[in-house]
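Visitor: Hey, I'm new to this, so please walk me through the model with me.

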Amino acid sequence: MYKAIVINKTEAEGYNAHLMDLDDGDLPEGDVTVKVAYSTLNYKDGLAITGKGPVVRKFPMVPGIDLAGTVMSSTHADFKVGDAVVLNGWGVGEGHPGGLAQKARLKGDWLVPLPAAFKPEQAMAIGTAGYTAMLCVMALERHGVTPDKGEILVTGAAGGVGSVAVAILAKLGYTVVASTGRPSEGDYLKTLGATEIVDRAQFSEPGRPLGKERWAGAVDTVGSHTLANVCATTKYRGVVTCCGLAQGMDFPSTVAPFILRGVTLAGIDSVMAPKAERLEAWSRLATDLDVSKLELITREIGLSEAIDAAGELMAGTIRGRVVVDVNR
Ligand code: NDP
């Protein structure tokens, strides 16, 4: 038997999530079975557990889009019993049972070796949010945004993706401006490396097609009017990475920033990102993220607390990242 959070949709209870005991017969198809040590709560897990967004594609479903653990059995050529592994995305926790469980069966092709620099709980403190932050930074670099080009704006800065993005960019020498709706987290964001804190309200309402040019680059986790206003205030030839929708899925912009200022909007997807890019992101995290900052970013909870914490995440009251120890 193993414990897992299970999401279901029933006539009696509607959409629901419970901590349950499952057995090996409940494991799906897959060539690698993993004893999970830690998982996390990402925004998508919050949507899945609370039912606030259409994340779960099959019921019953074990949520958890990422996990770190040890291989218990494997018929995959790249993995053997005892290997430490990490998983992010690939539809796990959405259409394939995920990491908020003590055991998971997965496709070996989805797994990445746990980088030697990290303990499993540190890899999950980074989690999909942090790996996505790294993908955003890599995209800025790919498009030529170097620290000398000017300020980088991070929106949703006190959230998971935002916190890790601030820490990575600061370590790489960028000047980071953090946009948050929580002024009380200003000191936290400055400790992570932000040089200035701005109120997210300045981006959240409908704005003009073009504003005063300020940002050399941006990591936007928020979408909607915020993304439109960030694009409108990005400097000539600047780059905006777009990875999230915390404000909304819409993008009420005009083409002006793109055709008049040559702004690049770079889309970031962590779920289906090719393996080579994942390996690069994890290896960059090992060098470009100050591990001592992870403790500040992270709160650890047990599996039995994950359902309540998902509600807090959706209410926007959680700072940074939530790591879930699935064995307590
Ligand atoms: P969190 O919930 O940890 O952080 C989101 C942050 O967004 C909040 O902390 C808050 O920051 C800000 N925010 C919340 N509501 C609003 C609002 N109405 N208007 C403006 N800002 C708001 O989530 P994550 O950091 O884990 O994820 C951020 C986004 O990135 C999510 O939309 C998620 O789905 C997406 N994502 C996408 C991935 C991809 O592959 N593209 C992978 C991982 C995440 P503050 O309090 O500082 O203002």
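Guide: Sure, one term to begin with: helices, of at least four residues, and strands, of at least two, are DSSP runs, and they're numbered from the N terminus. Also, keep in mind that this is a predicted model.

Visitor: Okay, then where is Pro60?

Guide: Pro60 is in the loop between H1 and strand E4, which covers 66-74.

Visitor: What about the peptide bond from Phe59 to Pro60, cis or trans?

Guide: That peptide bond is cis, and its omega is near -10°.

Visitor: New topic: what is the phi of Trp90?

Guide: Trp90 has a positive phi, about 60°, although Trp90 is not a glycine. You'll find Trp90 in the loop that runs between strand E5 (84-88) and strand E6 (103-106).

Visitor: Now the ligand. Where does the ligand sit?

Guide: In the largest pocket. That pocket has a volume of about 1300 Å³. It's lined by 49 residues, and the closest to its centre are Tyr43, Thr221, Gly244, Leu245 and Ala246.

Visitor: Which helices and strands each supply at least two residues of that lining?

Guide: Among them are helix H1 (43-50), helix H2 (120-142) and helix H3 (160-171). Strand E9 (175-180) and helix H10 (306-314) do so too.

Visitor: And what's the lining like by class?

Guide: The lining of the largest pocket has 22 nonpolar, 22 polar and 5 charged residues.

Visitor: Back to the ligand: how many residues surround it?

Guide: There are 23, and the closest are Val161, Thr180, Gly181, Arg182 and Ser270. By class, this shell has 10 nonpolar, 10 polar and 3 charged residues.

Visitor: How far is the polar side-chain atom of Thr180 from an oxygen atom of the ligand?

Guide: That distance is 2.6 Å. For Arg200, an N or O atom in the side chain is 2.8 Å from a ligand oxygen. With Ser270 it's a polar backbone atom, 2.7 Å from an oxygen atom of the ligand.

Visitor: And how much of the ligand's area does the protein bury?

Guide: Taken alone, the ligand exposes 920 Å², and the protein buries 87% of that.

Terms used:
Residues are numbered from 1 along each chain as its sequence is written. This is a predicted model: local features need pLDDT of at least 70, side-chain atom pairs count only at pLDDT 80 or more; totals for chains, interfaces and linings use all residues. Side-chain values use heavy atoms; hydrogens and water are left out. A residue is near a molecule or strand if one of its heavy atoms lies within 4 Å of it. A polar contact is a pair of N or O atoms within 3.5 Å; within protein, one must be able to donate a hydrogen and the other to accept it, and residues adjacent in sequence count only if both atoms are side-chain atoms. Accessible areas come from the Shrake-Rupley method with a 1.4 Å probe; for residues, only the protein chains shown count as cover. On a 1 Å grid over the protein atoms alone, a cavity is a set of points where a 1.4 Å probe fits but cannot get out, and a pocket is an open set with protein on both sides within 12 Å along at least five of seven lines; lining residues have an atom within 4 Å of a point. A molecule sits in a cavity or pocket if more than half of its atoms lie within 2 Å of its grid points. Ala, Val, Leu, Ile, Met, Phe, Trp, Tyr, Cys and Pro count as nonpolar, Asp, Glu, Lys and Arg as charged, and the others, Gly among them, as polar. Grid points are joined across faces, edges and corners, and a volume is the space filled by probe spheres set on the points.
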